Amino acid sequence: VANGTIHVTAAVVAPPTRVLLDTMARDADLQYLVAAVIAADAGVPAGSRFQDFLANALANFKVMAPTNQAFINLFTALNLPTAPSTFALLPAQTVRGIVAYHLLLARAFAANLPTTPTPFNSLLSASLPVAPPLVFDAPQGVKGFKNPPYSKIIAGGIDRNAFNGVYHKIEQVLLPQ
């Protein structure tokens with residue numbers, strides 16, 4: 001074709017029809033993350049909750065989504081029970097900080113991740129200017145300030161698209177401090 005390229009696909013490629021919160025809630029491997037979002041929103045007025053942001057069809061986010069096992073590993077290291085209800089045992093401000101540290105205020109696809117260590121501000125950085133940035137390096141993954149190793153992006157960095165953003169599953173919880 002003179003004016004483009006035709007690609008043959010194995011299935012119909014349709015645009016996403018759900019928002020991030022709904023998409024993540026339907027992923028069995030992200031139930032702890034969804035529980036963290038709900039716990040972080042306890043006592044926060046409507047309109048300012050993470051649930052509101054992640055359900056806003058006009059927003060545009062990238063979520064670094066720790067798997068259930070990532071949270072279980074963190075809870076085990078902290079000698080805490082390894083159930084999603086454990087978030088209720090943590091200070092609400094701590095849970096809010098963890099959730100905010102996993103959200104970026106722009107959609108970024110795996111193909112656009114830098115191939116050398118590059119800092120990116122999270123939602124936590126937007127609310128606390130002294131918060132450390134996340135460091136992305138496509139070959140290694142993503143690193144929180146207090147994470148010794150990089151967290152690998154699971155499944156080869158597959159973009160999981162939603163109407164208002166994209167999420168990538170990661171193998172550890174990113175820690176700002």
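In this predicted model, the largest pocket holds about 480 Å³ of space. Its lining is made up of 18 residues, and the ones nearest the pocket centre are Gln93, Gly97, Ile98, Leu124 and Leu128. Three elements each give two or more residues to this lining, namely α3 (50–54), α5 (92–101) and α6 (123–127). Of the elements involved, α5 provides the largest share, with six residues. As for chemistry, the lining of the largest pocket splits into 12 nonpolar residues, five polar ones and just one that is charged.

Turning to the strands, β3, β4 and β5 form an open sheet of three strands, laid out in the order β3-β4-β5 and paired in the antiparallel sense. The edges are taken by β3 (118–120) and β5 (141–143), and each of these has a single partner strand, so one side of each is left without a neighbour in the sheet. On average, neighbouring strands here are turned by 30° against each other, with direction ignored.

In general, the strands of a sheet pair through backbone hydrogen bonds, and the pairing can be parallel or antiparallel. The β3 strand and β4 (residues 134–137) go the antiparallel way, with three bridges between them. One specific match in this pairing is Phe120, whose bridge partner in β4 is Leu134.

Methods
Residues numbered from 1 in each chain as written. Predicted model: local features only at pLDDT ≥ 70, side-chain atom pairs only at ≥ 80, totals over all residues. Heavy atoms only, no water. 1 Å grid on protein atoms, 1.4 Å probe; cavity = no way out; pocket = protein on both sides within 12 Å on 5 of 7 lines; lining within 4 Å. Points joined across faces, edges and corners; volume = space filled by probe spheres on them. Helix = DSSP H or I, 4+ residues; strand = E, 2+ residues; numbered from the N terminus. Nonpolar A, V, L, I, M, F, W, Y, C, P; charged D, E, K, R; others polar. Pairing = 2+ DSSP bridges. Axes fitted to C-alpha atoms, helices over the stretch in contact; angles between N-to-C directions.
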